Amino acid sequence: MLLDESPLFEPSLLQDLDWTSNAASFSPPISPSSPGDGLVLRPLCTADFNRGLFKVLSQLTHTGDVTAEQFAKNFEHMKRTGDYFVVVVEDTTIGQVVATATLITEHKFIHSCAKRGRVEDVVVSDMHRGKQLGKLLLSTLTLLSKKLNCYKITLECSPKNVAFYEKFGYAASDEKYMQCRFFD
């Protein structure tokens, strides 16, 4: 299985974001095109399998034992649908993924067949926390969902993280989140 640098989605989508409409402030200033010294924000590629993607994701939740073949197959499915936008921050000085987040667009019949965005799997490596990377990822995905003409963007979070997400214009909904879990 060839793991290469082909991006999950067109990188220009990140480069063309209207950063002036970003709701969060950054000190020192960072952006998708300038995330910090030695850091690059970009779409996921299959080569990230060997750059510690699962090490970072495991700091969020249980990832299981995923093979390169399973990863590549899921990646190709996500790429084919065109509805998955997984972004990573790579620390190029060590050649490792140090943060990641996912935007999934869901096609609806409501709101004139609009799309809804959903943020998932936001995580920053414990060694890179405090560098505003979580803010950068969320700002990027929020602006990207707007650019993709989503009528709304949602996310699920624990109560301890509510204040963080409110900085970006997110607010608690009257809807109650329900689940039926099949695996841990």
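**Exercise 1.** Which residue lies over the face of Phe26, and at what distance from the ring centre?

*Solution.* The model is predicted: local features need pLDDT of at least 70, side-chain atom pairs count only at pLDDT 80 or more, and totals for chains, interfaces and linings use all residues. Residues are numbered from 1 along each chain as its sequence is written, and side-chain values use heavy atoms, without hydrogens and water. Apply the criterion: NZ of Lys or CZ of Arg within 6 Å of the ring centre and within 35 degrees of the ring normal. Lys135 lies over Phe26, at 4.8 Å from the ring centre.

**Exercise 2.** Classify the pairs Phe49–Phe54 and Phe164–Phe168.

*Solution.* Rings of Phe, Tyr and Trp (its six-membered ring) pair if their centres lie within 6.5 Å; planes under 30 degrees apart are stacked, over 60 edge-to-face, the rest tilted. This rule gives 9 aromatic pairs. Phe49 and Phe54 have centres 5.8 Å apart and planes at 70°, so they are edge-to-face. Phe164 and Phe168 are also edge-to-face, at 5.2 Å and 65°. Phe49 and Phe54 join Phe71 and Phe75 in one aromatic cluster.

**Exercise 3.** Assign burial to Phe164, Phe168 and strand 1.

*Solution.* Use relative accessible area: buried under 20%, exposed over 50%, partly exposed in between (1.4 Å probe, protein chains only). Phe164, at 25%, is partly exposed. Phe168, at 7%, is buried. Strands are DSSP runs (E, at least two residues), numbered from the N terminus. In strand 1 (residues 39-43), 4 of the 5 residues are buried, so the strand is largely enclosed by the rest of the structure.
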